[in-house]
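Visitor: I should like a close look at one part of this structure, namely the pairing of its charged side chains. Please set the pairs out one by one, and then place them beside the main pocket.

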Amino acid sequence: MAESRNEVAFLSQGTECRGWLYQPAPPGPWPCVVMAHGFSATRHDGLHPYAERFQAAGMAALVFDYRHFGDSQGSPRQLIDIGRQQQDHQAALTYVRSLASIDDQRLALFGTSFSGGHVVCVAAREPEVRAVVAQCPFSDGLPSVVAANPANVVKGNLLGVAARLLSLVRLGPLYLPAVGYPGDFAVMTAPEARPGFDMLGHPGSPWRNQVAARIVLQAPWYRPVVQASRLNCPLLVCVCDNDQTAPPASAWELARRAPRGEIRRYPVGHFEIYQGLAFEQAVADQIEFLTRHLGLSRG
């Protein structure tokens with residue numbers, strides 16, 4: 001039987017999340033890497049090449065969409081809620097632990113960009129996770145706000161407050177663009193942002209350039225770097241040195257604070273790591289790290 005990718009579903013707090021389960025050819029059970037994308041992106045947008053490489057190296061991989069996004073259920077749509085997304089990671093771990101084909105003692109988390117912070121926070125609460133990969137991670141909201149366009153910060157917070165007030169009377173949500181060009185009103189407007197999302201987009205992807213505005217009130221106070229010292233498992237932080245979207249200094253600090261932190265650096269921007277030579281280098285480093293810590297044969 002050849003390697004496979006199957007459509008799967010699991011429940012998170014009673015709402016269905018959709019995913020792809022990649023499995024090597026039998027026999028198993030296999031170690032498994034649980035994966036989800038960053039800010040507003042879906043499973044269709046550039047994660048499958050990583051999962052395919054992990055699969056070829058002898059690991060299963062579950063790539064899923066958060067509630068409210070992509071092919072998963074959840075209303076309202078396009079709602080980024082940090083607590084809910086972390087619950088979705090935990091639900092995904094529970095799901096793969098239930099599968100006979102998966103070795104529930106050899107589980108890892110992979111997060112990229114915004115989810116790179118989530119996986120650190122989840123692993124700090126899940127002592128059975130054996131390894132974590134955080135790629136160009138959102139590590140600390142405070143430096144990200146300082147680096148943002150001040151006018152957008154003010155406008156975004158006003159919109160976020162209005163959205164929160166409307167939600168109290170069950171109205172809304174209010175939305176704003178997830179990404180734009182410099183000078184646009186959007187959450188991400190670094191010069192690399194809009195071209196990067198255009199590059200990640202896959203034909204048929206359900207990605208929408210829209211997020212519920214209430215996230216702008218959460219993100220500045222989201223500090224996964226504070227949780228890094230609580231990690232018992234090894235952490236690999238893949239840092240893009242020219243990152244304009246997630247400040248690389250925060251990612252270095254994430255690796256420094258983790259008791260078993262490792263760091264790999266690449267001379268590229270936030271989105272360049274998903275393609276070309278930077279992707280090849282990063283995924284090779286990730287496979288070597290996961291092979292070491294999930295007990296895979298290097299042969």
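Guide: In this predicted model, Asp-241 counts as partly exposed because its relative accessibility is 25%, between the limits of 20% and 50%. The partner of Asp-241 is Arg-265, and their side chains form a salt bridge with an N to O distance of 3.1 Å. Arg-265 belongs to strand 10 (residues 261-266), whereas Asp-241 sits in the loop between strand 9 (235-240) and helix 8 (248-257), so this contact ties together parts that are 24 residues apart in sequence.

Helix 8 also holds a pair of its own. The side chains of Arg-256 and Glu-253 meet in a salt bridge at 2.7 Å, N to O. These two residues are 3 apart in helix 8, so about one helical turn separates them. Their accessibility classes can be stated as well: Arg-256 counts as exposed, with a relative accessibility of 59%, while Glu-253, at 22%, counts as partly exposed.

Strand 10 enters a further pair through Glu-262. Here the side chain of Glu-262 meets that of Arg-292 in a salt bridge of 2.9 Å, again taken from N to O. The bridge links distant parts of the chain, since Arg-292 lies in helix 9 (residues 276-293) and the two residues are 30 apart. Glu-262 has a relative accessibility of 17%, which is under the 20% limit, and therefore counts as buried. Arg-292, at 30%, counts as partly exposed.

Beyond these pairs, Glu-7, Glu-16, Arg-18, Arg-43, Asp-65 and Asp-71 are joined into one network by salt bridges that share partners. The count of salt bridges comes to 18. As a general point, side chains of opposite charge can pair when their charged atoms come close.

The main pocket can now be set beside these pairs. The volume of the largest pocket is about 640 Å³. It is lined by 29 residues, of which Ser-144, Val-145, Ala-148, Val-187 and Met-188 are the closest to its centre. At least two lining residues come from each of helix 4 (141-147), helix 5 (150-168) and helix 7 (215-218). By class, 18 residues of this lining are nonpolar and 11 are polar, and none is charged. Because Asp, Glu, Lys and Arg are the residues that count as charged, none of these four types appears in the lining.

How values were computed:
Residues numbered from 1 in each chain as written. Predicted model: local features only at pLDDT ≥ 70, side-chain atom pairs only at ≥ 80, totals over all residues. Heavy atoms only, no water. Salt bridge = Lys/Arg side-chain N within 4 Å of Asp/Glu carboxyl O. Helix = DSSP H or I, 4+ residues; strand = E, 2+ residues; numbered from the N terminus. Buried < 20%, exposed > 50% of the residue type's maximum accessible area, 1.4 Å probe, protein only. 1 Å grid on protein atoms, 1.4 Å probe; cavity = no way out; pocket = protein on both sides within 12 Å on 5 of 7 lines; lining within 4 Å. Points joined across faces, edges and corners; volume = space filled by probe spheres on them.
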